[in-house]
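Biologist: I'm new to reading models like this. Could you walk me through how to spot ring pairs and buried residues?

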Amino acid sequence: MTFIEFKKCLLDAETSIPKFCKLIKVSEKNIQSYKKKDHIPNAIAVAAACFAKMHNLGIDYKIFIDQLGLVIKTKPGVGFAKKKEFEI
């Protein structure tokens, strides 16, 4: 799936990239980085296509996703933190 096809799926699901990212607990920056690549990763493509199909069938997919209890992944050291002083 190309990035344009991905965005069409989101339109069919009546959601936006920021809302999609918030729902699946993925950084918007991460999703936006796929613009530069040929294809969207399979898992992201499947999620978008399923959301579009469920929306077309009148299923509120957001309830199902919220029930999964997804957690945002963070890398250690990301953000602002105190730097540890090294002893010599």
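Modeller: Sure, rings first: those of Phe, Tyr and Trp (its six-membered ring) pair if their centres lie within 6.5 Å; planes under 30 degrees apart count as stacked, over 60 as edge-to-face and the rest as tilted. Here, ring pairs link Phe3, Phe6, Phe20, Phe51 and Tyr61 into a cluster. This is a predicted model, where local features need pLDDT of at least 70, side-chain atom pairs count only at pLDDT 80 or more, and totals for chains, interfaces and linings use all residues. Residues are numbered from 1 along each chain as its sequence is written, and side-chain values use heavy atoms, with hydrogens and water left out.

Biologist: How many aromatic pairs does the structure hold?

Modeller: There are 4. One of them joins phenylalanine 6 and phenylalanine 20, edge-to-face, with 5.4 Å centre to centre and 75° between the planes. Phenylalanine 6 sits in helix α1 (residues 3-12) and phenylalanine 20 in helix α2 (residues 17-24), 14 residues apart. Helices (H or I, at least four residues) are DSSP runs, numbered from the N terminus.

Biologist: Are phenylalanine 6 and phenylalanine 20 buried or exposed?

Modeller: Buried means under 20% relative accessible area, exposed over 50%, partly exposed in between (1.4 Å probe, protein chains only). Both phenylalanine 6 and phenylalanine 20 are buried.

Biologist: And why does isoleucine 65 count as buried?

Modeller: Because its relative accessible area is 13%. Isoleucine 65 belongs to helix α5 (residues 61-67). Contact means heavy atoms within 4.5 Å. Leaving aside neighbours within four places in sequence, isoleucine 65 is in contact with Leu23, Phe51 and Leu70.

Notes. Helices (H or I, at least four residues) and strands (E, at least two) are DSSP runs, numbered from the N terminus.
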